[in-house]
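Welcome to a short set of exercises with worked solutions. Keep the viewer open and try each task before reading on.

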Amino acid sequence: MSDSEQRFELTVENLCVRAGGKLLVENASFSLRSGEFTALLGPNGAGKTSLLRGILGLADNASGNVRLQGQALAELDPMQRARKLSYLPQRRPLAWPSPVRDVVSLGRYAWGCAPGRLDDRDARAVRSALASCDLLELAGRRADTLSGGELARMHCARAFATEAPLLFADEPVASLDPRHKFRIMELIRDHVLSGAGALVVLHDVSLAARFADRLIWMKDGRVVADGTRAATLDASRLGEIYGVRGRVEGDRVDLEGPL
Amino acid sequence: MTVRALLIPALALASLLAIFGALLLGSTPMELPRVLAALAGMADAADRTVVWQIRLPRALAAFVVGLALGGSGAALQGLLRNPLAEPGVLGVSASAALGATFTLYYGLVALSAWLVPLAAVAGALLATMLIAAAAIRTSSIVTLILIGVGLSSFAGAAMSLLMNLAPNPFSLADMINWMLGSVANRSFPDIAFSAPFIAVGLFILYAVRKGLTALTLGDEAAAGVGLDLRRQRLLVVAGTGLATGGAVALAGTIGFVGIVTPHIVRPLVNYDPARSLIPSALLAGLILVLADIGVRLLPTDIELKLGVVAALFGAPAFVWIAMQRRTISADQN
């Protein structure tokens, strides 16, 4: 993020997402700022992914207001939106064994760039994203030769290369080993420290407690709590959200079993 | 890098040479000076007829059909993110052929020779419109493929029915011609009718090629990086429908070149669907020109159909590609 960009704010008001007559997200309201690492927590089916898709304008049936710096998101075309909000979906299928550099270059798609034809600014963004995710040596490798951890870093780099002020990541550490979980979380934290904001869906409460500045808790399509770790994370919250017994001490979370 | 830079010029040059070779070769070989003289309009009338009325339009028809099918195949593979996709998978070729056979069965050809190609284009566009309507309603690419399977089955059944009911052996022979695919006896007016559809179709596909690259990431992430998914699908389907309809109008259904050529080209362009578009089209054109030369040179009593030769080589290649297929991510959709 260039430091010339002023603080960036996205506000969500009464966002509802429906599918097949079912309300997946009900009246979600909050705001996200650059420079803030926010974790989105909740059990399976709580509506976390739908909330992300609703904010991004990708959900087919969504209502409510999403504003970027006061401007309605719906007024932006997909490319303009993508320059402001980068998105790392939960499912990350790759159709072809493209080289890592080309996949990361797709993060510049919203800037009108195609792999193999990057202008200076695109090339710089791609290079810095590759560098920050420790991928420079792998840049020429085919994606199908990467390990799971390397793939996860590649997708992160793709999302970072957009240089959007806000990042939305849906379970970026699912199915990674503990070391890579930390690695990816550190990458996202560094991205936030460099000025971006991030809303990250997580299932690992201790990771969220350790890395996030702010926790948004969802259950049954509703945001039930939103605030700092100290304000929102305690044993009763774990019971309320996940139905589990647990102990919370500072940023340490021990889950002991189902309630 | 150098391979990629030279790919398109090399294929274009090879295509030109192949088309020129098609003028030299045939049941009666013609030497270079006679061909050159005929091309310049200076040889005797018989030579000029052979070159201008028979061999050149035939070679150009094969090339143009190849361009359309190769380009459509590359675009559909990018859109469907599947190396087995081609106009046939979406039922576009079959629907176009059904349109053509329909006019043959009802003898509408007698009204105007243009009705057959028009009906083929109409059939292709009808199929693409059906798929386009579905593409607006659904984000699932699997659904589109299934609709294509249904369309192909229906068109195949309807064509069989028409063949059973064919009133005379002539129309039956014509229909077989259409179903097997051939560029024999094509004239410049035939090409002139199909070329605009093919040109517009390929132009549309070229214009939306970057979106095909974005789709490498899957629908969700492609939408995330700023691709308008519905628009992309609609335009690829429209471009494919126009190009394929034009190709079927000119040569009937010729399968598998649209699958095989992008498969050959892809490793040479870093597996980028956008950059595979033009080379795939050129390579398919080249292959069909060469295959048609082969068909003409083979000493068979009845000339083999181009589509049959294409399938003889293409179908095993298709099976091979299908068996090689693996996914990069466990949760491929």
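**Exercise 1. Find the residue opposite A:E13 in β4(A), then work outwards to the sheet around the pair.**

Step 1. A:E13 stands opposite A:N65 in β4(A). Strands are DSSP runs of E with at least two residues, and helices are runs of H or I with at least four, both numbered from the N terminus.

Step 2. Before going further, a note on the ground rules. This is a predicted model, in which local features need pLDDT of at least 70 and side-chain atom pairs count only at pLDDT 80 or more, while totals for chains, interfaces and linings use all residues. Residues are numbered from 1 along each chain as its sequence is written, chains are lettered from A and ligands numbered from 1 in the order in which they are written, and side-chain values use heavy atoms, with hydrogens and water left out.

Step 3. Next, count the bridges. β1(A) and β4(A) pair in the antiparallel sense over six bridges; two strands pair if DSSP finds at least two bridges between them. Another bridge joins A:L10 to its partner A:L68 in β4(A).

Step 4. A:L68 also stands opposite A:Q71 in β5(A). β4(A) and β5(A) run antiparallel and are joined by two bridges. Their hairpin has two residues between the strands, and A:Q69 there takes a positive phi near 50°.

Step 5. Now turn to β2(A), which eight bridges join to β1(A), again antiparallel. A:V12 stands opposite A:F30, and A:A19 has A:K22 as its bridge partner. In this hairpin, with two residues between the strands, A:G20 has a positive phi near 55°.

Step 6. Put the strands in order. The result is an open sheet of four strands, β2-β1-β4-β5 in chain A, with antiparallel pairing. β2 and β5 (71–72) of chain A are the edge strands, each pairing on one side only.

**Exercise 2. Which residue forms a salt bridge with A:R222, and what does the pair tie together?**

Step 1. The partner is A:E26, with the closest N and O atoms 3.0 Å apart. A salt bridge here is a side-chain nitrogen of Lys or Arg within 4 Å of a carboxyl oxygen of Asp or Glu.

Step 2. Locate both ends. A:R222 lies in strand β10 of chain A and A:E26 in strand β2 (residues 22–33) of chain A, so the pair ties together parts that are 196 residues apart in sequence.

Step 3. Look at the strand pair at the A:R222 end. Strand β9 (residues 214–219) and strand β10 (residues 222–227) of chain A pair in the antiparallel sense over five bridges. A:W217 stands opposite A:A225 in β10(A). Two residues lie between these strands in the hairpin, where A:D220 takes a positive phi near 50°.

**Exercise 3. Describe the interface of chain A and chain B.**

Step 1. Chain A brings 34 residues to the contact and chain B brings 35 residues, contact meaning heavy atoms within 4.5 Å.

Step 2. The area buried between the chains is about 3,000 Å², of which carbon and sulfur atoms give 58%. Buried area is the accessible area (1.4 Å probe) that two parts lose on being put together, summed over both. A:P93, A:W96 and A:Y109 supply 26% of the area that chain A buries against chain B, more than any other three residues.

Step 3. Count the salt bridges between chain A and chain B: there are three. B:E220 forms a salt bridge with A:R53, with the closest N and O atoms 2.5 Å apart.

**Exercise 4. What is the volume of the largest pocket, and which residues are the closest to its centre?**

Step 1. The volume is about 1,100 Å³. On a 1 Å grid over the protein atoms alone, a pocket is an open set of points with protein on both sides within 12 Å along at least five of seven lines, and lining residues have an atom within 4 Å of a point. A volume is the space filled by probe spheres set on the points, which are joined across faces, edges and corners.

Step 2. Of the 46 lining residues, A:R53, A:G57, A:L58, A:A59 and A:D60 are the closest to the centre.

Step 3. α1(A) gives the most to the lining, with six residues.

Notes: On a 1 Å grid over the protein atoms alone, a cavity is a set of points where a 1.4 Å probe fits but cannot get out, and a pocket is an open set with protein on both sides within 12 Å along at least five of seven lines; lining residues have an atom within 4 Å of a point.
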